[in-house]
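Biologist: I've got some "how do you know" questions about the chain on my screen. Can you walk me through them?

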Amino acid sequence: MIRWTTGRRATLALPLLALARPALAQAAWPARAVSMVTGYAPGGLTDVTTRAIAQRMEQELGQPIVVENRVGGATSVAATYVARAAPDGYTLLMGASSLAINPALQPELTPRDPQRELEALGLAYRSAFVLHVHPDLPVRSTAEFIDYAKANPGKINFGSSGTGAVNHLALELLRKRAGIDVLHVPYRGGVPALTDLRTGRIQAMFQAALEAMPVIREGVTRAIAVSSAQRMALLPDVPAVAETLPGFDAVFWQGLFAPPGLPPTVVTPLSAALTAATEDKGLRARMAEQGVAIETGDAAVMRRILAEDSTQWGTLIREAGIRPE
């Protein structure tokens with residue numbers, strides 16, 4: 001009887017232990033370093049901002065966040081890697097606007113449906129572009145630019161950092177909304193495009209504020225507008241394109257994503273850590289100096305932005321017949 005009773009108690013205890021183990025494992029997250037994957041090379045603005053946010057999130061989570069650069073395939077290498085990772089909270093993606101662009105521009109790339117194959121956790125930041133022109137172009141506003149382009153169809157060489165880049169799509173949106181004819185000149189990055197804008201080989205381009213500000217301050221180029229729906233704190237006197245073309249909004253963004261199926265015990269502290277980072281006044285001030293608007297936005301906000309951009313850019317890419325180089 002004693003042996004049976006002892007065995008009986010042990011048998012009854014086993015299910016209770018089995019139930020307790022997962023709960024303890026989940027409560028312990030994170031128990032080790034977390035990997036935050038980005039599709040961009042080290043040293044650029046996206047990488048710098050990713051690392052700044054990761055460093056601030058570490059303070060909340062109490063574990064290191066290691067930024068991992070997996071470059072290639074228009075950021076699809078990084079996105080695919082995370083989409084296929086275990087949903088345990090140890091592999092995250094600092095995703096970008098390319099998630100909304102690639103399915104229409106390069107449908108052979110994966111993930112083909114980021115809205116389903118990745119779980120949005122929150123918005124990290126938005127970065128508008130500055131529309132700046134060579135001083136020889138006799139325009140000082142969006143309205144004057146549109147009027148000049150209509151009077152001189154096909155005579156403005158308009159640069160971008162590459163076919164399908166957000167600043168190229170901003171141009172295509174402007175071309176569509178304003179009904180103008182300008183020549184798109186794609187480059188392999190913003191730096192060579194800026195070199196040609198300085199010399200007048202091209203006359204205009206939408207460019208990241210960090211890249212554009214030095215030449216604007218020097219008077220080498222002239223800022224006439226910004227691509228966000230509202231003005232930028234960095235350039236408060238420069239109007240938004242939307243002040244001339246209501247509803248115009250073309251910005252680069254990054255947000256935090258994870259493999260689908262992340263348990264709530266991981267989602268909650270991750271979302272709280274991201275919110276703490278994006279609400280940090282010191283981080284916001286440092287990034288604002290580089291033209292980056294750190295923004296707080298929960299999972300629902302990130303899902304909405306991804307869905308809206310997927311529709312806007314997908315429609316534009318198909319209607320304009322844009323193909324990758």
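Modeller: Sure, just keep in mind that this is a predicted model.

Biologist: Then let's start with helix H7, residues 166–178: how do you know that its end-to-end span agrees with what a helix should have?

Modeller: You set the expected span against the computed one. At 1.5 Å a residue, the 13 residues of H7 should span 18 Å, and the end C-alpha atoms are 18 Å apart, so the two agree.

Biologist: What makes you call H7 mostly covered?

Modeller: Of its 13 residues, 11 are buried, and buried means under 20% relative accessible area. The buried ones include Leu 169, Leu 171, Leu 173 and Leu 174, but also His 168, Glu 172 and Arg 175. Just after H7 comes Gly 179, with a positive phi of about 70 degrees.

Biologist: Why is Met 57 called buried?

Modeller: Its relative accessible area is 0%. The cut-off for buried is under 20%, so Met 57 qualifies. You'll find Met 57 in helix H2, residues 45–61.

Biologist: And what does Met 57 touch, leaving out residues up to four places away in sequence?

Modeller: Met 36, Ile 65, Leu 256, Leu 270, Ala 273, Leu 274 and Ala 277. Take Leu 274: it sits 217 residues from Met 57 in sequence, but 6.1 Å away in space, C-alpha to C-alpha.

Biologist: Leu 274 is one of the buried residues of H10. How do you know that the span of H10 agrees with the expected one?

Modeller: By the reasoning used for a helix span: the 15 residues of H10, 264–278, should cover 21 Å at 1.5 Å a residue, and the end C-alpha atoms are 21 Å apart, so that agrees. The buried residues of H10 pack against H2, strands S3, S4, S9 and S10, and helix H11.

Biologist: Which residues touch the most other members of the largest nonpolar core?

Modeller: Met 57, Phe 145, Leu 174, Phe 206 and Leu 270, out of 105 residues in that core. Strand S4, residues 119–133, gives the largest share, 10 residues. Phe 206, for one, is in contact with Phe 129, Val 130 and Leu 131, and with Leu 171 and Leu 174, among others.

Biologist: Why would such side chains end up together at all?

Modeller: In soluble globular proteins, nonpolar side chains tend to be buried together.

Biologist: Now the loop between strand S2 and helix H3, where Ala 74 lies. Why is Ala 74 called partly exposed?

Modeller: Its relative accessible area is 37%. Buried needs under 20% and exposed needs over 50%, so a value in between counts as partly exposed.

Biologist: Thr 75 is in that loop too. Is Thr 75 buried or exposed?

Modeller: Buried: its relative accessibility is 12%, and the cut-off is under 20%. Both have a positive phi without being glycine: Ala 74 is near 55 degrees and Thr 75 near 75 degrees.

Biologist: What about the prolines: which peptide bond in the loop before strand S1 is cis?

Modeller: The one joining Trp 29 and Pro 30, with omega about -5 degrees. Pro 30 lies in the loop between helix H1 and S1. The bond from Thr 110 to Pro 111 is also cis, omega near -5 degrees, and Pro 111 lies in the loop between helices H4 and H5.

Biologist: Last one: how many helices and strands are there?

Modeller: The chain has 12 helices and 10 strands, and 50% of its 325 residues count as buried.

Methods
Residues are numbered from 1 along each chain as its sequence is written. This is a predicted model: local features need pLDDT of at least 70, side-chain atom pairs count only at pLDDT 80 or more; totals for chains, interfaces and linings use all residues. Side-chain values use heavy atoms; hydrogens and water are left out. A nonpolar core is a set of buried Ala, Val, Leu, Ile, Met, Phe, Trp, Tyr and Cys residues joined through side-chain atoms within 4.5 Å. Buried means under 20% relative accessible area, exposed over 50%, partly exposed in between (1.4 Å probe, protein chains only). Helices (H or I, at least four residues) and strands (E, at least two) are DSSP runs, numbered from the N terminus. Contact means heavy atoms within 4.5 Å. The expected span of a helix is 1.5 Å times one less than its number of residues.
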